[in-house]
Amino acid sequence: MNYHKALLFVLLIAFSCGKQEKVLVSDSNSQHPKLILTAQGVKDIRAQLGTIPIFDNSLQKVKEEVDAEIALGIETPIPKDYSGGYTHSRHKRNWFILQKAGVLYQILDDEKYAKYVKDMLMQYEEMYKTLPLHPKTRSYARGKLFWQCLNDSNWLVYVSQAYDCIYNYLTEEERNKLETNLFKPFADHISVDSPQFYQRVHNHSTWGNAAVGMIGLVMDDEELIQRALYGIKGKEMDKTAKDDDGGFINKSGKAGFLANIEEPFSPDGYYNEGPYYQRYAMYPFLIFAEGLHNVKPELKIFEYKEGVLLKSINALLNLSDADGDFFPLNDGQKGMSYYTGALVTAVDISYKYGSQDAGLLSIAEKQNSVLLDDSGLAVALGIREGKVKSFEKKSINLSDGPKGKQGGVGILRNQDMELVFKYASQGSSHGHYDKLSYSLYENGEEVIQDYGLARFVNIEQKGGGNYLKENKTWAKQTIAHNTVTQNETSHYQGKYEIGSQNHPDLHYFSSDDENVQIVSSKVSNTYSGTEMHRTMAVIKDQDFEKPFVLDIMKVEAESKNQYDFPFYYFGQVLDANFEYKTPKFLKPLGKKNGYQHLFLEGEAKATNENSKFSWFNNNKFYTLTSITNNKDELLFTRIGANDPQFNLRRDPALILRRNNVKNTTFVSVIESHGSYSAVSESALNSKSSIVKLQVILDSDSYTAIEITSIKGNTKLFITSNKNASKEAKHTLSIKGKNYSWVGAYHYKQI
């Protein structure tokens, strides 16, 4: 007998035992389950079991996982560890298993799962009555089960779902015991007892709001539901207080779940902390929203702020590379991807409650998993019915800020090349000081990297799995990013209170022409008296094997400065058209603001109008061509200085240094070209296709660049530095030739 038939057989036997009345009760607000998995959903799922492969397979995996845990017995140890430690990991494991066991009870109608949930909850009830604050004191808001209220909130979000699933299995006396001694005090601790955690706009408080709200929905506790939606009534906060990451706890005075939707999300669905924390926050955002939709449909939560929660899922999926890994903007761990469970939730909920975008089904197929609830069933049925279409990622501009007026992120995609241009706001306390920075990918592989965060998440040996001090001394600093650093000082002096009050502005974004895609942005106040304007283009041209990147960074200042312009490449140095010297002993490049973490491995003076540097990585060749003068310095650096505990990766960079100048323009081209086969030991097209790169005009109004290829053809790129309207008509004379065009830029072969 195959699995699907066996599962159906088991289900029929279970029905014959007469237990169905515990699962399906009257169609009123008092019915359970009602939160995520609904009573009607249980009926629909049971009717389809054995005929929906992706759902059936997901169910089998969960069943095997939970059965294995049941066999091991229940363990609820007294908390004592940070992230990654045994007690932390055990309680974290428990919250997942409780939620899954509750779902299995509903779908399979097997009492052993309900009993398991009940027995574990009773152990938690007995422990929690006398449980003090967690013994670890590092957090600004200590939990009880965990070292921080954030993880306590994680626990309650999941356990609320488990409680909902076994609600009718329990007696009224048992429910009263759990609600009085566990759930209500638990919700109070993470909210009224911890306002510095709860009463704010942040991914932390989103989890807190969702936790309080979800247990409130299960318990029909209107006070908790209102507290979740609007924050702690009448609570005034210290507007100068900061959290562990240096961000203001509640400067705006806003709080509650609705405020957490209103403030961090732009109208395009971009979340100001960046995709890593958007991924983390999407689970409580969407799972609580689904609960509100099911229990309080009158709120129309999925329509709130013009449906931004569902828009945000499309934005988040577009903030991933060709492999599905999220771009590590701000504090972001590399390797986090849309294969994580939070994105299974996001995809399934978005499909069911959104426009049923068939492209989402292709993501679900890659994830090879669905939720065991109503939304997971909708996805499974869509796949079974052959509705799958590819989720197509195109160039996209995502605005930042509640009204979309605080910069944004532009993603340029052309063939296998992806350029991620960050001109966003500070990004709350997880933001980095990296205005107008970028990273570059080819077919999912990093070419020019964004470092991401300095943390080994949930690895206890590295700072308890928490943020390392190098996150502040290195990862957040401007020099750690591919943008201009002035006078070895970070943007906004590396101060959150300054950075949070400023942001870049979009000059223009253009992706109408599939061959020429551009994003351009300006920023003031990163340094007093300095303005920066960066224009980046990904251009597909027949003279080049692959699309190339054109980068124009204009800097205007009131006084002379030193400007450092790094390129954080990956791979092996191949060639350079400048002579460099390597020191006998490695020394740090500077003393602070991230410079103390860079070793100087080599240095040179630019001797050509074009400085060329080639490297080799992942069997591909890359060349950087930069316009330079004979006063420019070229510095080979490597991360790792003043890092005795080896907390930082030893990654290389080439820094172009321009000293003692006021106004300047950095112009570079990055090419990907050729390939190498270790089997045939043959290198193809290993050299640059550029003969000459030059600026032929650079004024307040226009910048014009000529690129001459090895085929003898010259390309002209002109960008308008002021009037970027699509309808604007431009006429310009350069070297006796007149050029006319409509729009923000002009590109042609001359």
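How are α15 and α16 oriented relative to each other? In this predicted model, the two helices turn out to be roughly perpendicular. Angles from 65 to 115 degrees count as roughly perpendicular, and α15 (residues 358-367) packs against α16 (residues 374-384) at about 100 degrees, with 10 Å between their axes. On the α15 side, the contact is made by Leu361, Ala364 and Glu365, while α16 brings in Val379, Gly382 and Ile383. Sorted by class, this contact has four nonpolar residues, one polar residue and one charged residue.

A second pair of helices, α3 and α4, gives another picture. Helix α3 covers residues 53-72, and a quick check on its length works out nicely: its 20 residues, at 1.5 Å a residue, should span 28 Å, and the end C-alpha atoms sit 29 Å apart, which agrees. Right after α3 comes Gly73, with a positive phi of about 95 degrees. Several residues of α3 are buried, among them Ile54, Phe55, Asp56 and Ser58. Further along the helix, Leu59, Val62, Val66 and Glu69 are buried too. As general background, an α-helix has 3.6 residues a turn, so residues three or four places apart point the same way.

The partner of α3 here is α4 (residues 86-108), and the axes of the two helices come within 9 Å and cross at roughly 125 degrees. That angle makes α3 oblique to α4. The crossing itself is left-handed. From α3, the contact uses Phe55, Leu59, Val62, Lys63, Glu65, Val66 and Glu69. From α4, it uses Arg90, Arg93, Ile97, Lys100, Ala101, Leu104, Ile107 and Leu108. In terms of class, the contact of α3 with α4 holds nine nonpolar and six charged residues, with no polar ones.

Moving on to single residues, Arg227 belongs to helix α10 (residues 222-230). Is this arginine buried or exposed? The relative accessibility of Arg227 is 8%, so Arg227 counts as buried, the cut-off being under 20%. Leaving out neighbours within four places in sequence, Arg227 contacts Lys184, Ala187, Asp188, Ser191, Val192, Tyr198, Val212 and Ile232. Take Ala187 from that list: Arg227 and Ala187 are 40 residues apart in sequence, and their C-alpha atoms are 10 Å apart in space.

Ser439 sits in a strand, β4 (residues 437-442). With a relative accessibility of 2%, Ser439 is buried as well. Setting aside residues up to four places away in sequence, Ser439 touches Glu418, Leu419 and Val420, and also Ile448, Gln449 and Asp450.

Finally, a few spots stand out for their backbone geometry. Two lysines have a positive phi of about 50 degrees without being glycines: Lys300 and Lys305. Lys300 lies in the loop between α12 (275-295) and α13 (304-318), whereas Lys305 is part of helix α13. Lys305 has a relative accessible area of 17%, so this lysine is buried. Elsewhere in the chain, the peptide bond that joins His32 and Pro33 is cis, with omega at about -5 degrees. Pro33 is placed in the loop between α1 (3-16) and α2 (39-48).

Methods. Residues are numbered from 1 along each chain as its sequence is written. This is a predicted model: local features need pLDDT of at least 70, side-chain atom pairs count only at pLDDT 80 or more; totals for chains, interfaces and linings use all residues. Side-chain values use heavy atoms; hydrogens and water are left out. Axes are lines fitted to C-alpha atoms, for helices over the stretch in contact, and angles run from 0 to 180 degrees between N-to-C directions. Helices (H or I, at least four residues) and strands (E, at least two) are DSSP runs, numbered from the N terminus. Angles under 35 degrees count as roughly parallel, over 145 as roughly antiparallel, 65 to 115 as roughly perpendicular and the rest as oblique. Contact means heavy atoms within 4.5 Å. Ala, Val, Leu, Ile, Met, Phe, Trp, Tyr, Cys and Pro count as nonpolar, Asp, Glu, Lys and Arg as charged, and the others, Gly among them, as polar. The expected span of a helix is 1.5 Å times one less than its number of residues. Buried means under 20% relative accessible area, exposed over 50%, partly exposed in between (1.4 Å probe, protein chains only). A crossing is left-handed if the near helix is turned anticlockwise from the far one by less than a right angle, and right-handed if clockwise.
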